[in-house]
Amino acid sequence: MRIDVVTIFPEYLEPLRAALLGRAIERGLIEVDVHDLRDWTHDVHRSVDDSPYGGGPGMVMKPQIWGAALDEVCATPARLIVPSPAGRPFTQAMAHELAAEPRLVFACGRYEGIDQRVIDDAATRMPVDEVSIGDYVLIGGEVAVLVMVEAIVRLLPGVLGNQLSHEQDSFSDGLLEGPSYTRPEVWRGLAVPEVLRSGNHALIDRWRRDQALARTYERRPDLLAALPEDALDQHDHAV
Ligand code: 6GU
C-alpha cells in the first residue's frame with residue numbers, strides 16, 4: 001500500500017516512521033510520502049489560508065493551493081481521505097475497507113478547514129471521504145491521520161506478527177475485548193481468574209465471551225444495541 005499525506009506540518013507525521021509502522025516501511029509493506037502543502041504556494045509569504053466568505057472566526061484554506069497539490073499527488077489513482085470533525089465516523093469497518101486500497105491520500109486541513117470546492121472538485125475524479133475520528137475537535141487533521149494510518153496498516157498482512165491477534169480485536173465481533181492477564185498468578189494480592197488456568201479451552205472461550213458481553217453492556221451499550229439479530233447465541237442472552 002502507498003500512503004501520501006499533504007500537510008502544512010510535515011514534522012507532525014514523523015511518528016509514522018517509528019516502531020511498527022517504521023518496520024512496515026523498512027520491510028516494503030507500505031510506502032509513505034509526506035508532502036508540505038506550502039511547496040505549492042507561489043507568494044513570498046507562502047500563505048495557505050484566507051478569511052471565510054460570509055464572515056466568522058478563523059481562516060479557510062485556499063482552494064488554488066490545495067487544487068494544485070492534489071492534482072499532482074493524486075495524478076496516479078488514489079482514494080482521498082479528508083480528516084474533519086464534520087466527517088463520517090472512522091470505524092474498525094472503515095479501517096478494514098481502507099486496508100484493501102492500493103493507495104490512500106490524506107489531505108490535512110488546519111484552521112476552519114479547506115474550501116469545500118477542493119473536496120467537491122476532487123470527488124468528480126476520485127473517491128473522497130471526509131472522516132472524523134471522534135466527537136471532539138482537534139486543531140488539525142494530522143493526529144487524526146496518525147490514528148487512521150495506524151488502525152489501517154496494522155491490518156495489512158505481515159505487519160503484526162500474529163494474524164490471529166486482529167481477528168480477536170475489540171470490535172471485530174462487535175464487542176469490546178475483555179481483560180487479559182499474564183504471570184505472576186497472584187500480584188499485590190490479586191489472583192488471575194481461576195478459569196484461565198484451568199486448561200479447559202471451551203470454558204475459557206465461554207468465559208472470555210461473557211467478559212466481553214459484560215464489559216460492552218457496561219461501557220458501550222450502543223454497540224450491543226447495534227449487533228445484528230443473530231450475533232448473540234442462547235447463552236449470551238442468559239448473560
Ligand atoms: Cl479527523 N480532524 C479534526 N480537526 N478534528 C477532529 C477530527 C478530525 N476527528 C475528530 N475531531
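The predicted model contains an open sheet of five strands, arranged in the order S2-S1-S6-S5-S7 with parallel pairing. Strands are DSSP runs (E, at least two residues), numbered from the N terminus, and two strands pair if DSSP finds at least two bridges between them. The edges of the sheet are formed by strand S2 (31-36) and strand S7 (128-132), each of which pairs on one side only. Neighbouring strands of the sheet are turned against each other by 30° on average, direction ignored; the axes are lines fitted to C-alpha atoms, and angles run from 0 to 180 degrees between N-to-C directions. Residues are numbered from 1 along each chain as its sequence is written. As this is a predicted model, local features need pLDDT of at least 70, and side-chain atom pairs count only at pLDDT 80 or more, whereas totals for chains, interfaces and linings use all residues.

Six bridges connect strand S1 (residues 2-7) with S2 in the parallel sense, and Val 6 stands opposite His 35 in S2. Strand S5 (residues 79-89) pairs in the parallel sense with strand S6 (residues 103-107) over three bridges, and with S7, also parallel, over six bridges. Leu 80 has Val 105 as its bridge partner in S6 and stands opposite Val 128 in S7.

The ligand is surrounded by 14 residues, of which Pro 83, Pro 85, Ser 132, Leu 138 and Ala 144 come nearest; a residue is near a molecule if its C-beta atom, placed from the backbone, lies within 6 Å of it. S5 and S7 are the elements that give two or more residues to this shell, and S5 gives the most, with four residues. By class, the shell has eight nonpolar, six polar and no charged residues, where Ala, Val, Leu, Ile, Met, Phe, Trp, Tyr, Cys and Pro count as nonpolar, Asp, Glu, Lys and Arg as charged, and the others, Gly among them, as polar.
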